[in-house]
Every structure is written in C-alpha cells, then in structure tokens.
Amino acid sequence: MTQIIGYARVSSLSQNLDAQIDSLKKVGAERIFTDKISGTAKEREGWDELISYIRTGDMLVITELSRMSRSLAHLLEIVEELKKRQVQFRSLRENIDTSTATGRAFISIMGAVSQMELEIKKERAEAGRAAAKARGKSGGRPKTDPDKLEKARILYKNSANSAREVCELFGFSRRTLFSYMKRLKNP
C-alpha cells in the first residue's frame, strides 16, 4: 500500500517548519521527517531517517526542490536513488510528480541539462588551460625557489626562530619547508 512520506527542512534552528508541515499534511503525508540544518550539509539526521524508513511503492513529497537538494546534480542523484527503490517523488511548488509521464519527462530533461552544464564547465576549463599554455603558462602553483628553501632550512636549523617565523620571513608555508626537508632526507 502506498504511503505518502513528507520531508521538510529549514536552514537554521530559529526558522519554523510549520508552513511546510501544514502543506505536507494537506496532501496526505502520513509521516513527516524534518531537519533544521543547511541543505549543503552532507549529514542530515531527518533525511537519513527518511531514507531508511521509505519503502517500495511509497511517495516522497516535499514542498519545494530546495528543501531536499543542494544542486541539480544532487537532486538527480536523489531521484535516481528513489527510482531504483521504486519510490515516487513529488514536489508541490514546482509541480513535479514522477508517478506521471510528464513528471518523469521533466526529470529526464533536468538530467540532460545537468549533464550539459557539466560538459560546458569541462570545455571551459580545457579552453582556459589551452589558452594559458599558449601564453607559456604551465598551470599549478609556482615553484618555490630552491635557494630560498635552502636558506630557510639553514635558518630554521641554526637559530631560535620557529618554523612559522622562518616561513613568514621567506614567504611560503610550513608545509613547503617541511616537505623540502623531508625530500632532502629521503631523496
């Protein structure tokens, strides 16, 4: 038997879930899971409980997409996971319902748009690297002058200065200094 499961989320403890809960109850949500945490948080207790609870044939209902996912890619991940588990999905504000052909088509279109966005980003990054290479730039961090590193090592070893003080003087991080010293020990 299909059970309607609701999910409501706000970003902070001071915000109120009442309007979302009322909307979810109005459409017949029998069980509602909630979170008061940023949508960007990887660990959301209410969401994790919902995922453990929901069963094949159930329908997950949210008031709007932003309550459930951090991004289009994340939304599509969730929808795919729900599809594998044979759970329907409905968003009230955007009027998306994967139990209908239109809702499934809309999600597919969103997936195509997401894939296109990823490919465009990749193409732009590659074009940027090619343009930099054409201008003689190699990418990555600039190399630290080996003479500076050796002088910093000598000062660090032969003075009362801390590694932080020495590195500030020479303009690089402690990690850079200690990596250099380690390479000298283990060539």
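In the predicted model, Y53 is partly exposed, with a relative accessible area of 26%. This tyrosine belongs to helix 2. When neighbours within four places in sequence are set aside, the contacts of Y53 are with Q3, I5, R31 and F33. By contrast with these contacts, R141 is distant from Y53: the two residues are separated by 88 positions in sequence, and their C-alpha atoms lie 47 Å apart.

The protein chain as a whole contains seven helices and five strands. Read from the N terminus, its elements follow the order β-α-β-α-β-α-β-β-α-α-α-α. The radius of gyration of the protein chain is 26 Å, whereas the globule rule gives 16 Å for 187 residues; the chain is therefore more spread out than a compact globule. The C-alpha trace spans about 75 × 40 × 30 Å along its principal axes. Among contacts with a separation of 6 or more, 62% join residues that are 24 or more positions apart.

Burial and surface composition were also computed. Of the 187 residues, 32% count as buried. The accessible surface of the protein chain amounts to about 12600 Å², and carbon and sulfur atoms account for 51% of that area. The chain carries 35 positive and 24 negative charges, and the mean positions of the two sets are 8 Å apart.

The largest nonpolar core comprises 21 residues, and W47, L50, L60, M68 and F89 have the most contacts inside it. At least two residues of this core are supplied by each of strand 1 (4-10), helix 2 (45-53), strand 3 (59-62), helix 3 (72-84) and helix 4 (101-134). Helix 3 provides the largest share, with five residues. For W47, the contacts beyond four places in sequence are with Y7, D35, L60, M68 and I78. Another core, of nine residues, lies apart from the largest one and includes V166, L177, Y180 and M181.

Several loop positions were examined individually. E43 is located in the loop between strand 2 (31-36) and helix 2. Because its relative accessibility is 62%, above the 50% limit, E43 counts as exposed. Outside its neighbours within four places in sequence, E43 is in contact with I37 and D48. The C-alpha atoms of E43 and Q86 are 23 Å apart in space, and the two residues are 43 positions apart in sequence.

Q86 itself occupies the loop between helix 3 and strand 4 (88-91). Its relative accessibility of 52% means that Q86 counts as exposed. The backbone at Q86 has a positive phi of about 60 degrees, although this residue is not a glycine. Most residues other than glycine have a negative phi. A positive phi, of about 55 degrees, is also found at N95, again a residue that is not a glycine. N95 lies in the loop between strand 4 and strand 5 (96-97). With a relative accessible area of 66%, N95 is exposed.

How values were computed
Residues numbered from 1 in each chain as written. Predicted model: local features only at pLDDT ≥ 70, side-chain atom pairs only at ≥ 80, totals over all residues. Heavy atoms only, no water. Helix = DSSP H or I, 4+ residues; strand = E, 2+ residues; numbered from the N terminus. Rg over C-alpha atoms; globule rule 2.2 N^0.38 Å. Buried < 20%, exposed > 50% of the residue type's maximum accessible area, 1.4 Å probe, protein only. Contact = heavy atoms within 4.5 Å. Areas by Shrake-Rupley, 256 points an atom, 1.4 Å probe, with all protein chains shown as cover. Lys, Arg positive; Asp, Glu negative; His and termini not counted. Charge placed at Lys NZ, Arg CZ, Asp CG, Glu CD. Core = buried A, V, L, I, M, F, W, Y, C linked by side-chain atoms within 4.5 Å.
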